[in-house]
Amino acid sequence: MREADESAYCDFVAARRRSLLQTAFLFTGDWHQAEDLVQITLAKLYVAWTRVRRRDDVDAYARRTLLNAYLDERRRPWRREQAVETVPDRAGTAAAEPPDPHVKRQILTALAQIPARQRAALVLRFWADLSVDQVADLLHCSAGTVKSQTARGLEHLREMLGPTLLDELKEYR
């Protein structure tokens, strides 16, 4: 890789690694798995950097690669999620923190119990703030599928958390 490309890659990693890590954590609910996913993503991005950089859509490529890495890991039988007693205290910094760490743990625990594609749709729609069409492109499905996966994921969250907790959290988005 040329020195200019190497420098641009390092700048991208410095600027976007934290965001990728936060998104990966929301996918997995586990910081160690999130780190693994980000490492996989950055390694694949490094290999394809000169090609991807020319297209001027590096963020989309990185998100897509992160999502693919997450879905690939979910398919491996030795990586099945297992219920845990506690969820890590820190999920990274969002636009605003929920008022109570207990509420945050409840949300992360509930999110971990949602099926992978529904969780991916929720994280990409509401955490990464992507449009329905962008999420559909990332998940290789129709916009209708994204809407139904999002609705089902929200329904699962409401069942686990209760409708009032999700409504209260809208102000923290």
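**Aromatic rings**

I started with the rings, and I found Tyr-9, Phe-12, Tyr-46 and Trp-49 linked by ring pairs into a cluster. I note here that the model is a predicted one. My tally of aromatic pairs for the structure is 5.

Next I looked up Phe-25 and Trp-31. Their rings are stacked, with 4.2 Å centre to centre and 15° between the planes. I checked how much of each residue is accessible. Phe-25 is buried, at a relative accessible area of 0%. Trp-31 is partly exposed, at 23%. That value is not under 20%, so Trp-31 does not count as buried.

I then took Phe-27 and Tyr-70. This pair is also stacked, at 4.8 Å centre to centre and 15° between the planes. Which helices does the pair of Phe-27 and Tyr-70 tie together? Phe-27 sits in helix H1 (residues 3-28) and Tyr-70 in helix H3 (residues 58-75), so the contact joins parts 43 residues apart in sequence. Is Phe-27 buried or exposed? I read 1% relative accessibility for Phe-27, so I put it down as buried. Tyr-70 is buried as well, at 2%.

**Salt bridges**

I turned to charged pairs. How many salt bridges does the structure hold? I count 3.

I looked at Asp-5 first. Its side chain meets that of Arg-53 in a salt bridge of 2.8 Å, N to O. Asp-5 belongs to helix H1 and Arg-53 to helix H2, so this bridge ties together parts 48 residues apart in sequence. I compared the accessibility of the partners. Asp-5 counts as buried at 7%, whereas Arg-53 counts as partly exposed at 34%.

Then I went to Asp-59 and Arg-16. Their side chains form a salt bridge at 2.9 Å, N to O. Here Asp-59 is in helix H3 and Arg-16 in helix H1, with their positions 43 residues apart in the chain, and the pair links distant parts. Asp-59 is partly exposed, with a relative accessible area of 32%. Arg-16 is also partly exposed, at 26%.

Last came Arg-17 and Glu-35. I found their side chains in a salt bridge at 2.6 Å, N to O. Arg-17 lies in helix H1 and Glu-35 in helix H2, so the bridge joins parts 18 residues apart in sequence. I entered Arg-17 as partly exposed, at 27% relative accessibility. Glu-35 is partly exposed too, at 31%.

**Positive patch**

I looked for charge on the surface. Which residues gather in a patch of positive charge? I found Arg-2, Arg-51, Arg-54 and Arg-55 there. I followed up on Arg-54. This residue is in helix H2 (residues 31-55). Why does Arg-54 count as exposed? Its relative accessible area is 65%, and the exposed class begins over 50%, so Arg-54 falls into that class.

**Val-47**

I closed with a residue in helix H2, Val-47. Is Val-47 buried or exposed? I read a relative accessible area of 72%, so Val-47 is exposed. I also looked up its spacing to Met-1. The C-alpha atoms of Val-47 and Met-1 are 9.0 Å apart in space, while the two residues are 46 apart in sequence.

How values were computed:
Residues are numbered from 1 along each chain as its sequence is written. This is a predicted model: local features need pLDDT of at least 70, side-chain atom pairs count only at pLDDT 80 or more; totals for chains, interfaces and linings use all residues. Side-chain values use heavy atoms; hydrogens and water are left out. Patches are made of residues with over 30% relative accessible area and no salt bridge: like charges are joined within 9 Å, nonpolar side chains (Val, Leu, Ile, Met, Phe, Trp, Tyr) within 5 Å. Accessible areas come from the Shrake-Rupley method with a 1.4 Å probe; for residues, only the protein chains shown count as cover. A salt bridge is a side-chain nitrogen of Lys or Arg within 4 Å of a carboxyl oxygen of Asp or Glu. Lys and Arg count as positive and Asp and Glu as negative; His and the chain ends are not counted. The place of a charge is taken as NZ of Lys, CZ of Arg, CG of Asp or CD of Glu. Helices (H or I, at least four residues) and strands (E, at least two) are DSSP runs, numbered from the N terminus. Buried means under 20% relative accessible area, exposed over 50%, partly exposed in between (1.4 Å probe, protein chains only). Rings of Phe, Tyr and Trp (its six-membered ring) pair if their centres lie within 6.5 Å; planes under 30 degrees apart count as stacked, over 60 as edge-to-face and the rest as tilted.
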